[in-house]
Amino acid sequence: MTSADRVIYPDQGVTKADLVAYYAAVAEAMLPYVANRPLSLVRCPQGRSKFCFFQKHDSGGFPGAMASSPITEKDGSTDNYFHIENLAGLIAGTQMNVLEWHLWGARFDDIERPERIVFDIDPDEGMGFEHVRDAALDIRTELGAWALDSYALLTGGKGIHVIAPLRPVTEWPEVKGFCKTFAQRLADKFPDRFTANSRKASRKGKLFIDYLRNERGATAIAPWSTRSRQGAPVAVPISWDELKTIKAASQFSLADAAQRARQPDPWQYYFTTTQSITKAMWSAVDGPKR
């Protein structure tokens, strides 16, 4: 590692070496969610407060532990996407100034069939976190009506991701269609609170239920990833019971998250879930097929 003492988060005095120590502490908890999965990166070569950029494809010059593999794009072209398999990959990314790890909803071995869906609750400016928290609980209830168990992720920003793991049996178009209709039905049910329209004009005083992360190539912040935000917050998995007492989506610091990773897993049943979006479910939301 070079420049281990470089300060990445000036207000907290967090250095590159501190980030390596953090990822060493959370690697066992984090890697099951990111391994063997296409990743996109937010890199900040001069630290959080300077210029940062989003990188989807391997442009060369990365350490060997930051591997890449080809994926065919929608237009038929091929690009190399990053992936990691172990702590060495997390350290290699930190060496390359990665402050955020964003993941696809599918893994390389079945890239056309997602194994999770995610709804990002994005509040309008000025809305309190209590509105986001209530929205997450409502989405959990609505997903439960479709027999889909879900999990809450504090994003480290201002929102919550409600995530439902899936067996990878349904392809992207059907999964996105289900999620779009689910979000619109929620907005129809609570029109004063929610919108499924991403236009700013439609979001005034409401929560946008972002279903657009459920399409091929879209990404979402990885559990346990740091964020390139003021305060050096972390995206942290929580239980539904815990959510009732959470004050902000960015309340977990590096030290808080590292300590938490050593505690019982609030998502302990995530990888044993056998649920899926079936053809019957898709037909129910999309209408009868000819």
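Which residue in β12 does D120 stand opposite? In this predicted model, D120 stands opposite D210 in β12, and the surroundings of that position are best described by starting from the sheet to which the two strands belong.

The sheet is open and is formed by 6 strands in the order β11-β12-β8-β10-β9-β14, with mixed pairing. Its edges are β11, residues 194-195, and β14, residues 236-238, each of which pairs on one side only. Strands of a sheet pair through backbone hydrogen bonds, in either the parallel or the antiparallel sense. Strand β8, which spans residues 116-123, pairs in the antiparallel sense with strand β10, residues 160-165, over 6 bridges, and β8 is also joined to β12 by 4 bridges, these two strands likewise running antiparallel. Two positions of β8 illustrate its pairing with β10: I117 stands opposite A164, while D120 stands opposite H161. D120 of β8 is thus placed opposite H161 in β10 and opposite D210 in β12.

Two helices accompany this part of the sheet. Helix α3, residues 129-145, packs on the sheet and touches β8, β9, β10, β11 and β12, its direction making about 150° with that of β8. Helix α4, residues 172-189, lies across β8, β11 and β12 and runs at about 35° to β8. Strand β8 itself is mostly covered, with 8 of its 8 residues buried. In a regular strand the side chains alternate between the two faces of the sheet. In β8, R116, V118, D120 and D122 point one way, whereas I117, F119, I121 and P123 point the other way, and all of these residues are buried.

Salt bridges, of which the structure holds 16, include several that connect separated parts of the chain. D122 forms one with K158, the closest N and O atoms being 3.8 Å apart. Because D122 lies in strand β8 and K158 in the loop between β9 and β10, this pair ties together parts that are 36 residues apart in sequence. K158 is partly exposed, with a relative accessible area of 42%, whereas D122 is among the buried residues of β8. Both residues also belong to a network of salt bridges that links D122, E125, K158 and R203.

A further salt bridge is made between the side chains of R227 and E100, at 3.2 Å from N to O. R227 is located in the loop between β13 and β14 and E100 in strand β7, residues 98-103, so that distant parts of the chain, 127 residues apart, are linked by the pair. R227 counts as buried at 8% relative accessibility, and E100 counts as buried at 5%. In the salt bridge between R113 and E171, the closest N and O atoms are 3.4 Å apart. That pair also links distant parts of the chain, with R113 in the loop between β7 and β8 and E171 in the loop between β10 and α4, 58 residues apart. Here R113 is partly exposed, with a relative accessible area of 28%, and E171 counts as partly exposed at 36%.

A position outside the sheet described above is S59, which is found in the loop between β4, residues 53-55, and β5, residues 67-72. S59 is exposed, with a relative accessible area of 62%, and its side chain makes a polar contact of 3.1 Å with the side chain of Q55. S59 and W101 are 42 residues apart in sequence and, from C-alpha to C-alpha, 17 Å apart in space.

How values were computed:
Residues are numbered from 1 along each chain as its sequence is written. This is a predicted model: local features need pLDDT of at least 70, side-chain atom pairs count only at pLDDT 80 or more; totals for chains, interfaces and linings use all residues. Side-chain values use heavy atoms; hydrogens and water are left out. Two strands pair if DSSP finds at least two bridges between them. Contact means heavy atoms within 4.5 Å. Axes are lines fitted to C-alpha atoms, for helices over the stretch in contact, and angles run from 0 to 180 degrees between N-to-C directions. Buried means under 20% relative accessible area, exposed over 50%, partly exposed in between (1.4 Å probe, protein chains only). A polar contact is a pair of N or O atoms within 3.5 Å; within protein, one must be able to donate a hydrogen and the other to accept it, and residues adjacent in sequence count only if both atoms are side-chain atoms. A salt bridge is a side-chain nitrogen of Lys or Arg within 4 Å of a carboxyl oxygen of Asp or Glu.
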